[in-house]
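Visitor: I would like to learn how to read a protein model with a ligand in it, one feature at a time. Could you take me through this one?

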Amino acid sequence: MNHPETWTNAVNNTSLQPWLDEQVALAERIYSAHGDYSRWLLTLEQLSHYTTSETDFSLPVIQIGKRDHLSEQQKNEIEQLLFNLHPWRKGPFNIFGITIDSEWRSDIKWHRMINGITPLQGRRVLDIGCGNGYYMLRMLGAGAAWVLGIDPTILFNMQFKAVTRFINHDIRADLLPIGIDQLPDDLDYFDTVFSMGVLYHRRSPIDHLIKLFSCLRPGGELVLETLVIEGAGDQLLLPETRYAKMRNIWFIPAPQALKTWLHRCGYINIRIVDVSTTSPAEQRATEWMKFESLKDFLDPDDHSKTVEGHPAPRRAILVAQRPGNSKRP
Ligand code: SAH
């Protein structure tokens with residue numbers, strides 16, 4: 001881990017500590033088992049020559065360091081090193097004046113969500129499927145006391161390490177290279193749990209929602225973001241094969257169906273904060289993500305449909321609460 005002392009402070013003498021101690025030891029083993037790890041490690045080592053105390057996580061483009069801190073040559077070197085970690089899906093970041101223009105303008109989702117949730121000030125937050133940690137840093141910028149992110153994609157863990165390596169003070173955020181199934185079933189710990197962009201990848205969405213419930217302390221808040229279809233009642237789409245060229249898509253419910261799922265899992269105060277169609281301004285190929293993106297996934301003659309003829313991507317943000325006196329289901 002980059003900053004072992006941060007989680008030690010945050011979870012000292014809590015029920016989470018023994019588990020985290022174990023996971024941190026395990027993380028290094030998971031990283032080093034990846035075929036690209038030695039290449040990534042070299043990149044990370046080269047990046048650690050440049051550090052700064054100047055950060056601002058509260059802006060749409062996360063700021064780390066100032067443009068005039070480094071020479072053009074140094075900036076070119078950093079840019080090349082960061083390119084080694086292509087593709088950058090989440091962002092944007094500005095690092096010493098270098099803008100990482102990621103595939104997703106993640107700030108747009110943040111903006112849709114942040115005023116609809118309980119303020120993060122002083123809260124212990126879990127971000128499940130956190131990618132490279134863009135939102136983890138925004139959560140710190142919004143005053144979270146500590147953020148734990150988990151994501152099983154090792155490259156995204158490396159991007160988080162790269163971005164946070166430039167910062168020469170402790171940040172109260174940590175990332176583990178695990179999926180939700182590797183979390184204990186009895187955490188009962190976090191004030192806010194985020195699950196954004198993960199539910200539709202799950203074969204058993206109800207089990208996912210129950211697991212999220214168990215991660216929350218009683219009274220805690222779930223922030224759920226996922227693909228939805230337009231439609232009333234309990235309709236849902238289960239694509240026969242691919243959805244927007246993705247193979248690993250399972251259930252895409254109507255927003256009302258999602259509310260029913262949450263209700264059946266024991267959540268209360270369930271609210272739909274936002275429903276928006278994803279636009280090519282929010283998800284697109286860039287210099288930092290050169291593969292296909294949204295416009296290649298849509299029917300070229302009719303952007304209301306995917307190439308397979310399904311409704312085009314639409315996403316909902318919901319919040320729901322674990323009741324104050326509740327046991328796990
Ligand atoms: N939360 C971010 C990223 C969404 S992309 C956002 O909203 O923009 C989905 C992420 O979920 C990917 O980074 C992927 O690696 C991760 N993921 C996939 N399966 C997962 C699992 N079982 N548990 C946790 N994360 C998972």
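Visitor: How many ångströms lie between an oxygen atom of the ligand and an N or O atom in the side chain of D151?
Guide: Bear in mind that this is a predicted model. A polar contact is a pair of N or O atoms within 3.5 Å, and in this case an oxygen atom of the ligand is 2.6 Å from such an atom in the side chain of D151. Two further residues can be read in the same manner: K90 places a polar side-chain atom 3.3 Å from an oxygen atom of the ligand, while R202 has a polar side-chain atom 3.1 Å from a nitrogen atom of the ligand. As for the surface, the ligand taken alone exposes 570 Å², and the protein buries 85% of that.

Visitor: Which residues around the ligand are the closest?
Guide: To read a shell, one counts the residues with a heavy atom within 4 Å of the molecule. Here 16 residues surround the ligand, and the closest are K109, G129, D151, T153 and M196. By character, the shell divides into seven nonpolar, five polar and four charged residues. The space that the ligand takes is the largest pocket.

Visitor: What is the order of the strands in the open sheet of four strands?
Guide: One reads a sheet by asking which strands pair, and two strands pair if there are at least two bridges between them. In this open sheet the order is β1-β2-β3-β4, and the pairing is mixed. At the edges are β1 (55-56) and β4 (98-100), each of which pairs on one side only. Inside the order, β2 (residues 62-64) and β3 (residues 93-95) pair in the parallel sense over three bridges, and Q63 has N94 in β3 as its bridge partner.

Visitor: Do β13 and β14 run parallel or antiparallel?
Guide: Direction is read for each pair of strands in turn. Strand β13 (residues 298-299) and strand β14 (residues 302-306) run antiparallel and are joined by two bridges. In one of the pairings, L298 has T306 in β14 as its bridge partner, and a hairpin of two residues connects β13 to β14.

Visitor: Where does the cis peptide bond that ends at P87 begin?
Guide: For a peptide bond, the angle to read is omega. The bond from H86 to P87 is cis, with omega near 0 degrees, and P87 has its place in the loop between α4 (72-83) and β3. A cis peptide bond also joins G91 and P92, where omega is about 10 degrees, and P92 lies in the loop between α4 and β3.

Visitor: What is the value of phi in A244?
Guide: Phi is another backbone angle, and here one looks at its sign. Phi of A244 is near 50 degrees, which is a positive value in a residue other than glycine. A244 is found in the loop between β10 (236-237) and β11 (252-253).

Terms used:
Residues are numbered from 1 along each chain as its sequence is written. This is a predicted model: local features need pLDDT of at least 70, side-chain atom pairs count only at pLDDT 80 or more; totals for chains, interfaces and linings use all residues. Side-chain values use heavy atoms; hydrogens and water are left out. A polar contact is a pair of N or O atoms within 3.5 Å; within protein, one must be able to donate a hydrogen and the other to accept it, and residues adjacent in sequence count only if both atoms are side-chain atoms. Accessible areas come from the Shrake-Rupley method with a 1.4 Å probe; for residues, only the protein chains shown count as cover. On a 1 Å grid over the protein atoms alone, a cavity is a set of points where a 1.4 Å probe fits but cannot get out, and a pocket is an open set with protein on both sides within 12 Å along at least five of seven lines; lining residues have an atom within 4 Å of a point. A molecule sits in a cavity or pocket if more than half of its atoms lie within 2 Å of its grid points. Ala, Val, Leu, Ile, Met, Phe, Trp, Tyr, Cys and Pro count as nonpolar, Asp, Glu, Lys and Arg as charged, and the others, Gly among them, as polar.
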